[in-house]
Amino acid sequence: MMPTKAASRANIGYYRFSLGKLTALSLHDGTASRDRASGFVRNITEDDISAAFAEIGLPPDKLTLTFTSLALDSPKGLILFDPGWGMRGPPSTGSLIPNLLAAGYEAQDVSTVIISHFHSDHISGLLAADDTPAFPNAQIQVPRREWQYWMGDDPTAPRLGVDQVTGVFGALSERVSQFDWGDELLPGITALQADGHTPDQTAFEIASGGERLIYAADVTNNPLIFARRPDWQPIFDVDGDRARESRHLMLARAARERLLMFFFHAPFPALGHVAAVDGNEYLPALWCQ
Ligand SMILES: [Zn+2]
C-alpha cells in the first residue's frame with residue numbers, strides 16, 4: 001500500500017509539551033551520519049566505541065548524531081536555545097525552521113536566542129541562507145567567556161570550526177549580549193556552569209509553575225551512550241578532564257533531583273531522565289499527548 005503524497009514526505013519533527021505555565025517545543029534540526037575517524041573517544045579503544053554504538057542499534061563504524069533544539073513560548077515571545085545548523089550543515093540537517101513553521105510559529109516570532117556554546121551545530125542556524133539574520137526580531141545571548149575564547153586571537157587555542165563562528169557572529173555582533181554563570185537571563189531561566197566541552201559551555205535551568213527542566217546542551221554527546229560512560233572523552237570536548245567533571249556533576253544532580261533533562265544530541269524529542277542504577281542510565285521520556 002502506498003501512502004498519500006502528503007504523507008510520504010519527510011517526518012514532521014516537532015514535539016509540544018508543557019513545562020509549568022509554559023508551552024515548550026522540541027524542534028528537530030536533523031541527523032548526520034558519517035564514517036567515524038579513529039580516536040573519536042580519546043581514552044578508550046576503537047572496539048569499545050564500536051560496541052557502544054552497536055549496543056543501541058547504530059552502525060558501529062559511523063558517527064551518527066541527531067540535533068534537536070528547545071523553544072519556549074513565553075509571554076515575551078519565543079525563546080530558542082541553540083538554533084542548530086541552519087543551511088550550513090550536512091544535507092540531512094537544516095529542518096529547524098520548517099519544523100518551527102509546522103508547529104504554528106514563524107521565525108519572526110523568536111524574540112530571544114540563547115546559545116550554550118559556539119560549536120557549529122549549535123550556532124550556524126543564526127543566519128539564513130543569504131547571510132541575513134534567520135530570526136530577524138531576536139536578541140542573541142551568549143556565554144561571555146565563550147565569546148572571548150572564539151572571537152579572540154589566541155592561535156594556540158583549539159577552536160574547531162572557528163571560521164564558521166567568526167562568520168556567524170561577525171554578521172550579528174550588534175544583536176549579541178553576554179552573560180555569566182548564575183545570571184537569570186529571563187524570568188525563570190538561569191545560566192549554569194557546564195564547561196569542559198568548550199571553555200564556557202553553559203547549561204540552563206528553566207523553572208515555571210513548580211516544574212523544572214535543565215537544558216544540558218552537550219554535557220554529554222548522545223546520552224544513551226555517554227550517560228553510562230561519563231569518563232569517556234570524545235574529541236569534541238576541548239578540555240576532556242573538565243568536561244568529565246561537569247558530566248559527573250550534572251548527571252548526579254539529574255538523578256538525585258529526578259530532573260527532566262534536555263540533551264541536544266539525545267534521540268528526538270531529546271527529553272529524558274537520568275537514573276543512578278549501576279552508574280547512570282539515560283531514560284527517554286514518554287511521548288505524552
Ligand atoms: Zn553539539
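## Worked exercises on a predicted zinc-site model

Tyr105 sits in the loop between helix H2 (96–102) and strand E5 (110–114). Keep in mind that this is a predicted model. Let's work through it.

**Exercise 1. Decide whether Tyr105 is buried or exposed, and find which residues it touches.**

Step 1: Grab the relative accessible area of Tyr105, which is 15%. Step 2: Compare that with the cut-off: buried means under 20%. Tyr105 therefore counts as buried. Step 3: Skip residues up to four places away in sequence, and you're left with Leu25, Asp73, Leu78 and Leu100 as the residues that Tyr105 touches. Step 4: For a distance check, take Ala203, which is 98 residues from Tyr105 along the chain; their C-alpha atoms are separated by 25 Å.

**Exercise 2. Work out which residues bind the zinc ion and what geometry the site has.**

Step 1: List the protein donors: Asp121 (OD), His122 (NE2), Asp218 (OD) and His265 (NE2), at 2.1 to 2.3 Å from the zinc ion. Step 2: Write their spacing in sequence, D-H-x95-D-x46-H. Step 3: Place the two histidines. His122 belongs to helix H3, while His265 is in the loop between strand E12 (260–263) and strand E13 (271–276), so this pair links distant parts of the chain, 143 residues apart. Both histidines, His122 and His265, are buried. Step 4: Check the angles among the four donor atoms, which run from 88 to 170°. A tetrahedral label needs all angles between 85 and 135 degrees, and the site comes out as irregular.

**Exercise 3. Describe the largest pocket and the largest cavity, with their linings.**

Step 1: Start with the pocket, which holds about 350 Å³ of space. Its lining has 18 residues, and Arg34, Leu65, Trp85, Asp121 and Phe236 lie nearest the centre. Asp121 is also one of the zinc donors. Step 2: Look for elements that give two or more residues to this lining; they are strand E2 (22–35), strand E3 (62–74) and helix H3 (120–123). Step 3: Sort the pocket lining by class: eight nonpolar, seven polar and three charged.

Step 4: Now the cavities. With 30 Å³ or more required, the count is one, and the largest cavity has about 40 Å³ of space. Step 5: Its lining is made up of Val113, Leu126, Pro133, Ala134, Phe135, Ala138, Ile140, Leu172 and Arg175. By class that's eight nonpolar, no polar and one charged.

**Exercise 4. Find where Gln233 lies and what it is in contact with.**

Step 1: Locate Gln233 in the loop between helix H6 (223–226) and helix H7 (240–257). Step 2: Its relative accessibility is 11%, so Gln233 counts as buried. Step 3: Leave out neighbours within four places in sequence; the contacts of Gln233 are then Phe40, Val41, Arg42, Asn43, Gly240, Asp241, Arg244 and Arg247.

**Exercise 5. Pick out the backbone oddities at Asp131, Ala217 and Pro269.**

Step 1: Recall the baseline: most residues other than glycine have a negative phi, and most peptide bonds are trans. Step 2: Asp131, in the loop between H3 and strand E6 (139–143), has a positive phi near 70°. At 45% relative accessible area, Asp131 is partly exposed. Step 3: Ala217, in strand E11 (residues 211–217), has a positive phi too, about 50°. Its relative accessibility is 0%, so Ala217 counts as buried. Step 4: The peptide bond from Phe268 to Pro269 is cis, with omega near 5°. Pro269 is in the loop between E12 and E13.

Notes. Residues are numbered from 1 along each chain as its sequence is written. This is a predicted model: local features need pLDDT of at least 70, side-chain atom pairs count only at pLDDT 80 or more; totals for chains, interfaces and linings use all residues. Side-chain values use heavy atoms; hydrogens and water are left out. Helices (H or I, at least four residues) and strands (E, at least two) are DSSP runs, numbered from the N terminus. Buried means under 20% relative accessible area, exposed over 50%, partly exposed in between (1.4 Å probe, protein chains only). Contact means heavy atoms within 4.5 Å. On a 1 Å grid over the protein atoms alone, a cavity is a set of points where a 1.4 Å probe fits but cannot get out, and a pocket is an open set with protein on both sides within 12 Å along at least five of seven lines; lining residues have an atom within 4 Å of a point. Grid points are joined across faces, edges and corners, and a volume is the space filled by probe spheres set on the points. Ala, Val, Leu, Ile, Met, Phe, Trp, Tyr, Cys and Pro count as nonpolar, Asp, Glu, Lys and Arg as charged, and the others, Gly among them, as polar. Donors are N, O and S atoms within 2.8 Å of the metal (3.2 Å for Na, K and Ca); water is not among the atoms, so sites may look incomplete. Four donors count as tetrahedral if all angles lie between 85 and 135 degrees; four count as square planar and six as octahedral if opposite donors are over 155 degrees apart and all others between 65 and 115; anything else is irregular.
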